[in-house]
Each structure stands twice: as structure tokens, then as C-alpha cells.
Amino acid sequence: MIMKGFLDNLVLKIAALVLAVILWLFVSSKGQTEMTLSVPIEYTNIPPGIEMVGAVVKSTSIVIRGHESLLKNIRPGDVRVFVDVGKAKKGEGIFYIKRDDVKLPYAASVTKIDPSAVRVAFEETVSKKVPVRPLITGSPADGWYVRSIEVNPRDVLIEGAKTEVARVGYIRTEPVDITGLTESLLQEVGLDISGRNVRTKTDRVKIGIRVERRGR
């Protein structure tokens, strides 16, 4: 009799537990929704001595699930995707994006990643010296002319992937406007490396412009 009562109570307890779990799942699923975001990929731990080259996949589509009130308040930067390329070598490699690589707000989850793998090419890092060419705009005042232009330093060291460095023959400066100039000028300016996938060891150079009056 005792055993029968115990079994009857056990069945009731199990049934109550199952019912509670079903109820919890039902309640927790209410208000749940999904949204799709295009998230920039952040490549981390690039080994020293190599560089990423070519057409690198810059973003991936992430489908996340969470409560509607949470998802509607998500801002840019709340979701981030990291791809660890710490084991990369020269040549091409395939790197997979796992759910653990996606950083999300609390109580949100990833349901889909597309693409979930990226192909990345790497080349060795090289450096070389290239001349600096000043970019001068405008003209001195009437009756004046540019006698000389000097740049210090004349050459700068650039660094980057082998094929990118090979394409660079010189680096221009930011523009220096000499419109209406009537006296010599010494100015510090930055280097313009926009559109070039290289780095420079020197950020700024000095340009000396000497002007003289005509007929002297």
C-alpha cells in the first residue's frame, strides 16, 4: 500500500513537472522574435610578418533570436563578429565563424550565420623607402615665382603586403596652398596614403618653399 501510494504520488509529481516545463516554454516563447543584421567582421590576431590581401569578406549576415523588446533596442556595435586568424600562414586559408565568435547582448542567441566561413589570402610583410612628392596648389602673388621647394625628409619608409608595396613608387603630401604667397614658407604637412594599402613610419614631413620677386 505504501509503495502504491508512493508510485501514485511520483506519477503525479512527474506529470506536474512536465506541465510546468511546458508552461514555462510557452510563456518564455511569447514575445520571442528574430532579426537579421549585417555585421562587420573583425579579423584578430594576425600573425607578425604577414598581411591580409585581396578581396577580404568584410561582413556576414547574422540571424539573432530574442525577446522583441530586446531586439528593437539593439544598436550598431551591440553585435560584433570576430574571426581569429592567429594560425594563418602565407597563402590562402579558410576560417570558420562559430556562434561563440558572435558577441551578443544578454538573452539573445544566434540562429544562423551566412556566410559561416571566409577565405582569406595572406602575403609576407615587406618595407622599402620611397620619395615624398609635395603637392603644391595655387600660385604666388603677381610678380613672384617659386624659386625652390625642399622636403624633409625626402624619403619615407613604407610597409605592407609585398604586392601592395611594389605598386607604390612615391608618396604625396597633403596639399600646400601658396595662393598669393609673397614670402618664403616652412610648413609641416601630413602624408596622403589614401587608396594605398600601406603604412608609413613617418606621419608628417616639412616643406620649405622659397619664393622670389621676378626681375631680381
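**Exercise 1. Strand pairing around strand 11**

Task: Find how strand 8 and strand 11 pair, and over how many bridges.

Solution: Start with the two runs: strand 8 covers residues 117–137, and strand 11 covers residues 171–177. Strands here are DSSP runs of E with at least two residues, helices are runs of H or I with at least four, and both are numbered from the N terminus. Two strands pair if DSSP finds at least two bridges between them. Strands 8 and 11 pair in the parallel sense, over five bridges. Now pick one bridge: Arg 133 has Arg 172 of strand 11 as its partner. Next, turn to strand 12 (residues 185–192): two bridges join strand 11 to strand 12, and the two run antiparallel. Here Thr 173 stands opposite Leu 191 of strand 12.

The model is predicted: local features need pLDDT of at least 70, side-chain atom pairs count only at pLDDT 80 or more, and totals for chains, interfaces and linings use all residues. Residues are numbered from 1 along each chain as its sequence is written, and side-chain values use heavy atoms, with hydrogens and water left out.

**Exercise 2. An open sheet**

Task: Give the strand order of the open sheet of five strands, then name its edge strands.

Solution: The order is 6-4-1-3-7, and the pairing is mixed. The edges are strand 6 (102–103) and strand 7 (109–114), since each pairs on one side only. Then look at strands 1 and 3: nine bridges join strand 1 to strand 3 (residues 59–67), running antiparallel. One partner pair is Met 35 with Ile 64 in strand 3.

**Exercise 3. Glu 212**

Task: Decide whether Glu 212 is buried or exposed, and list its polar partners.

Solution: First, place the residue: Glu 212 is in strand 14 (residues 204–213). Next, apply the cut-offs: buried is under 20% relative accessible area, exposed is over 50%, and partly exposed is in between (1.4 Å probe, protein chains only). Glu 212 has 11% relative accessibility, so it counts as buried. Now the polar contacts. These are pairs of N or O atoms within 3.5 Å; within protein, one must be able to donate a hydrogen and the other to accept it, and residues adjacent in sequence count only if both atoms are side-chain atoms. The Glu 212 side chain makes one with the side chain of Arg 147, at 2.9 Å. Another, of 2.7 Å, joins the side chains of Glu 212 and Arg 210. Finally, check contacts (heavy atoms within 4.5 Å). Leaving out residues up to four places away in sequence, Glu 212 touches Gly 143, Trp 144, Tyr 145 and Arg 147.

**Exercise 4. Backbone exceptions**

Task: Say where the prolines of two cis peptide bonds lie, and what phi Asn 45 has.

Solution: Begin with the general rule. Most residues other than glycine have a negative phi, and most peptide bonds are trans. A cis bond joins Asp 114 and Pro 115, with omega about 0 degrees. Pro 115 sits in the loop between strand 7 and strand 8. The bond from Asn 152 to Pro 153 is also cis, with omega near 0 degrees. Pro 153 is in the loop between strand 9 (144–152) and strand 10 (155–161). Asn 45 has a positive phi, near 60 degrees. Asn 45 lies in the loop between strand 1 and strand 2 (50–53). With a relative accessible area of 51%, Asn 45 is exposed.
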